[in-house]
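These are my notebook entries on a set of look-ups concerning charged side chains and nucleic acid contacts. I record each look-up in turn.

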There are 2 protein chains.
Amino acid sequence: MDKDNDLTIRQPVAAKPKIPPPSIFAKPFARSTDPGVVQLLTEDEQAALIAISRVVEFRRHTVIYPEGGRSRFVYNVISGVAETYCLLPDGERRVSSFLFPSDLLGLSENGEYVATAQALTPLTAYKMPFEDLARLVRRDPDLDVVFLCKLCHELRQAERHTVTAIHNDARARVAGFILWLWRSEVTALTDDTTVTLPMLRHDIADYLGLSTEAISRALHQLETGGLIQRRGPRALQLLNIQELRRAAREI
Amino acid sequence: MDKDNDLTIRQPVAAKPKIPPPSIFAKPFARSTDPGVVQLLTEDEQAALIAISRVVEFRRHTVIYPEGGRSRFVYNVISGVAETYCLLPDGERRVSSFLFPSDLLGLSENGEYVATAQALTPLTAYKMPFEDLARLVRRDPDLDVVFLCKLCHELRQAERHTVTAIHNDARARVAGFILWLWRSEVTALTDDTTVTLPMLRHDIADYLGLSTEAISRALHQLETGGLIQRRGPRALQLLNIQELRRAAREI
DNA sequence: GTCATAAATTGATTCAGGTCAGTTTTCTTC
DNA sequence: GAAGAAAACTGACCTGAATCAATTTATGAC
């Protein structure tokens, strides 16, 4: 129960003034690896975005949108964590990404969602009709640049994920994943070293191209080595971040 | 020598009217998996792009731009093949992408090239000052949409690459790579089944997260199985595309 | 709280692919 | 065309992760 509260704001979104400011649009590079690059939108631009947005809530394990569905809406995560996955013909699930506050969901290539998006925790998000957004962007070139940059950033992140996932062993992949989670989570604002794992081992395994058993063993290794400490299956304590980064081959 | 001629137009670009039409802008989705989606620019838009572009040539193994360099130019491949890679602290090379005619090179997140781009074959490309391009895009929202879609498409391709690379064995990865090359090469226009491999085994290995030996063995396997035939180290004949697609787990 | 079920962990075995070594082929330069 | 160098291939061996099986721990319903 504590864990859920850590991850999301559970209070109902009743009065509009009470909701947090639009995350991604206010700081599209909040999670950039380059901390110098933060691009802000003007008040007017934020207001215009809020005007076409609706705040929506999803409960744990709810589908936000289904693979193959007509992509009419774009979402911008406010709080909580989501994942996207495709279902293969043989029934396998293939996790393609995890989304955190400020991340953008649902942009598609050809008007069709390419993956199913599902809430892993209670989740709140801005929901924008794609058409309205496109119209807004068309009128405001600056807004467009923000989107381009955001996409570019995501592209780089996807490339980075490929490269690290492909060339590292299980221990390094898991170490890297933990660090990524740590940096992604809202709790990163306070400088505590607790990481919450809102997804199943199965999802992590799939995302990293490993088996669930390999995840367990890698966590065990990292714990034995004194880099982390497991506090139940959903929480980790980072004991030695310097060593973790080395284990993830970031150094 | 024959091979080089297959891949690139070697004649000097003297008279402007003789150069081929701007590839990507004319058909940004030429290599999309969804053949229905082809978005064309108007004559005016193409002319505007050509006006700010200069056609440049690179010889084999020439660096187009270096990692970390100030990203002042964006390139659009006309003919030839390029690769991008990062150099790791330990001297390792990490190949992040291969670029074909109509592909876009050099878009960066923060004004700095994130990888080195190198020509694998003689290469011609449109070279555009980023500033001019940005100004053009700012004035013409339609152009912007083209770029957004292109980026979106590349993002999906990167995700697809991750997913396939991570979950498949060596044989499947190599089969998939061969098919991707086949579909990417200019020769795909004629329906011949020859695939040219302009890059080294080392580069393929790195891109797919395998060893060079594993590439050799996988090619051997595919040849033994009657799916392909090796015609020297730089050329392959596809004998059974249906089976190749199955081997690549595309079906 | 107890029970039922799902998830996570641990151990034993197997196998794909990495590594190392050696050979053959191809490319380059004279 | 010949010689040297680089790249590609092949084989032998070994490591790391998948798989299978069993146990422990956590979660959710009552």
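The entries below treat salt bridges and then the surroundings of one DNA strand.

**Entry 1: salt bridges**

I note at the outset that the model is predicted. I searched the whole structure for salt bridges and found 18 over all chains.

I looked up the pair Glu92(A) and Arg94(A), whose side chains meet in a salt bridge at 3.4 Å, N to O. I then asked whether Arg94(A) is buried or exposed. Arg94(A) has a relative accessible area of 9%; because this is under 20%, Arg94(A) is buried. Its partner Glu92(A) counts as partly exposed, at 39% relative accessibility.

**Entry 2: pairs within helices**

I turned to Arg135(A), which forms a salt bridge with Asp132(A); the closest N and O atoms are 3.5 Å apart. Where do Arg135(A) and Asp132(A) lie? Both belong to helix H4 (residues 130-139) of chain A and are 3 residues apart, so about one helical turn separates them. I recorded a relative accessible area of 48% for Arg135(A), which is partly exposed. Asp132(A) is partly exposed as well, with a value of 25%.

I next looked up Glu243(A) and Arg246(A), whose side chains form a salt bridge of 3.3 Å, N to O. Both residues lie in helix H9 (residues 241-247) of chain A, 3 residues apart, about one turn of the helix. Glu243(A) is partly exposed, with a relative accessible area of 30%, and Arg246(A) is partly exposed at 44%. I also found a network in which salt bridges with shared partners join Glu83(A), Arg93(A) and Asp203(A).

**Entry 3: DNA strand D**

Which residues come nearest to DNA strand D? Of the 21 residues around the strand, I list Asp169(A), Ala170(A), Ser211(A), Arg201(B) and Arg234(B) as the nearest. By class, the surface near DNA strand D has 11 charged, 6 nonpolar and 4 polar residues.

I then examined which parts of the strand are met. Of the atoms of DNA strand D within 4 Å of the protein, 69% belong to sugar or phosphate, and the rest belong to bases. On the phosphate side, I noted an oxygen 2.8 Å from a polar backbone atom of Ala170(A). On the base side, a nitrogen is 3.1 Å from an N or O atom in the side chain of Glu213(A), and a base oxygen is 2.8 Å from an N or O atom in the side chain of Arg217(A).

The elements that give two or more residues to this surface are helix H8 (212-224) of chain A and helix H8 (212-224) of chain B. I recorded the largest share, 4 residues, for H8(B).

Terms used
Residues are numbered from 1 along each chain as its sequence is written. Chains are lettered from A and ligands numbered from 1 in the order in which they are written. This is a predicted model: local features need pLDDT of at least 70, side-chain atom pairs count only at pLDDT 80 or more; totals for chains, interfaces and linings use all residues. Side-chain values use heavy atoms; hydrogens and water are left out. A salt bridge is a side-chain nitrogen of Lys or Arg within 4 Å of a carboxyl oxygen of Asp or Glu. Buried means under 20% relative accessible area, exposed over 50%, partly exposed in between (1.4 Å probe, protein chains only). A residue is near a molecule or strand if one of its heavy atoms lies within 4 Å of it. A polar contact is a pair of N or O atoms within 3.5 Å; within protein, one must be able to donate a hydrogen and the other to accept it, and residues adjacent in sequence count only if both atoms are side-chain atoms. Ala, Val, Leu, Ile, Met, Phe, Trp, Tyr, Cys and Pro count as nonpolar, Asp, Glu, Lys and Arg as charged, and the others, Gly among them, as polar.
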